[in-house]
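Reader: I am new to this structure and should like to be guided through it. May we proceed by question and answer?

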Amino acid sequence: MTAPPPRKRRGCLGGCLTQLLGLAILCLVLFGGLQALLAPWNFWLGGHFHWWPGWTGYGEMHTRLSGGDYTMWLTLDPTIPGYRKSPLRGTVFLCTPHGERIQLNLSGDIRRRHGRDLTGVPLHLYMDHYSGTARFTGDTRPYIDFWGSFGDRVLTADDSGSIARAFNPDGTVLARGQRAVERQENVRLILRERTSWSLGRPSCNPSALRRH
């Protein structure tokens, strides 16, 4: 009686990759389902439905008292509602008149009771430069904030003087310990919806800014 031929061992490469792919798809489905159940507005930011939750916008603002023209990329990440307010989280890249690129952490809030569509719902956005060194130094300059609301594929907001308080007249960031001068200027920011892949890596090069 001849012994049966030994079984060929299946390599882990194909099977493991299939399992990892299935797990990734399951995580995405669960993540999307949780967002749709608890925070459906994440799919409607900008006044229309999009398959991936969150929002990305690009815009410019002009100042008379803080050096000239600034450019901003803003990305809102998906969030779930809090106890009294719905939190907003994201990332901002701010181009100064000198071509300096500053990455800012974005936080914000909107009132707890609102519908799926946030068009016209007042919101507050506040941003600071919380880098790794800030954990030790406490230096989160610049700090700016905006009050506004969504329209149709656009976010319009006013800074109520925060740009003038955070930047010098030449467009440089206010030095640490330097007292901000209370200069009255309200700057209007208009961010128009973009897809994150259409923006690419944010650049403060003047030629790159003109392409947007």
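**A guided reading**

Author: We may begin with one contact: the side chain of H50 reaches the backbone oxygen of W52 at 2.9 Å. The model discussed here is predicted.

Reader: Which other backbone oxygen does the side chain of H50 reach at 2.9 Å?

Author: H50 is found in the loop between α1 (12–38) and β1. Its side chain reaches the backbone oxygen of W52. At 2.9 Å, the side chain of H50 also reaches the backbone oxygen of a further residue, L45.

Reader: Is H50 buried or exposed?

Author: H50 touches N42, F43, W44 and L45, leaving aside residues up to four places away in sequence. The relative accessible area of H50 is 14%. Buried means under 20%, so with 14% H50 counts as buried.

Reader: Which residues are linked into a cluster by ring pairs?

Author: The structure holds 6 aromatic pairs. F43 and F49 form one that is stacked, with 6.3 Å from centre to centre and 20° between the planes. Of these two residues, F43 is buried at a relative accessible area of 10%, and F49 is partly exposed at 36%. The cluster linked by ring pairs consists of F43, W44, F49 and W51.

Reader: Which residue has its charged end over the ring of W44?

Author: W44 belongs to the cluster that ring pairs form with F43, F49 and W51. A charged end sits over the ring of W44, 3.9 Å from the ring centre, and it is that of R116.

Reader: How many salt bridges does a search of the whole structure find?

Author: Side chains of opposite charge can pair when their charged atoms come close. R141 and D139 provide one such pair, with 2.8 Å from N to O. R153 and D152 provide another, the closest N and O atoms being 3.2 Å apart. The search of the whole structure finds a total of 4.

Reader: How many residues apart are E185 and R64, the pair that links distant parts of the chain?

Author: E185 forms a salt bridge with R64, and their closest N and O atoms are 4.0 Å apart. E185 is in the loop between α3 (162–166) and β8 (188–193), while R64 is in the loop between β1 (55–62) and β2 (69–77). The pair therefore links distant parts of the chain, and cut-offs for burial place E185 at 9% relative accessibility as buried. The separation of E185 and R64 along the chain is 121 residues.

Reader: Is R64 buried or exposed?

Author: Its partner in the salt bridge is E185, which counts as buried at 9% relative accessibility. Exposed means over 50%. R64 has 62% relative accessibility, so R64 counts as exposed.

Reader: What type of peptide bond joins R141 and P142?

Author: P142 lies in the loop between α2 (134–137) and β6 (143–150). R141 is partly exposed at 32% relative accessibility, and its salt-bridge partner is D139, which is buried at 19%. Omega between R141 and P142 is about -5°, and the peptide bond is cis.

Reader: What is the phi of R153, which is not a glycine?

Author: R153 is placed in the loop between β6 and β7 (154–158). At 41% relative accessibility R153 is partly exposed, whereas D152, its salt-bridge partner, is exposed at 56%. The phi of R153 is positive, at about 60°.

Reader: Where is S160, a residue other than glycine with a positive phi?

Author: The phi of S160 is near 50°. S160 is partly exposed, with a relative accessible area of 42%. Its place is in the loop between β7 and α3.

Reader: How many helices and strands are there in the chain?

Author: From the N terminus on, the elements run α-β-β-β-β-β-α-β-β-α-β-α-α. The count for the chain is 5 helices and 8 strands.

Reader: What percentage of the residues in the chain is buried?

Author: The accessible surface of the chain comes to about 13,100 Å², with 57% belonging to carbon and sulfur atoms. Among contacts with a separation of 6 or more, 55% are between residues 24 or more positions apart. Of the 212 residues in the chain, the buried share is 39%.

Notes: Residues numbered from 1 in each chain as written. Predicted model: local features only at pLDDT ≥ 70, side-chain atom pairs only at ≥ 80, totals over all residues. Heavy atoms only, no water. Salt bridge = Lys/Arg side-chain N within 4 Å of Asp/Glu carboxyl O. Helix = DSSP H or I, 4+ residues; strand = E, 2+ residues; numbered from the N terminus. Buried < 20%, exposed > 50% of the residue type's maximum accessible area, 1.4 Å probe, protein only. Polar contact = N/O pair within 3.5 Å; in protein donor to acceptor, adjacent residues only side chain to side chain. Contact = heavy atoms within 4.5 Å. Areas by Shrake-Rupley, 256 points an atom, 1.4 Å probe, with all protein chains shown as cover. Phe/Tyr/Trp six-rings, centres within 6.5 Å; stacked < 30°, edge-to-face > 60°. Lys NZ or Arg CZ within 6 Å of the ring centre and 35° of its normal.
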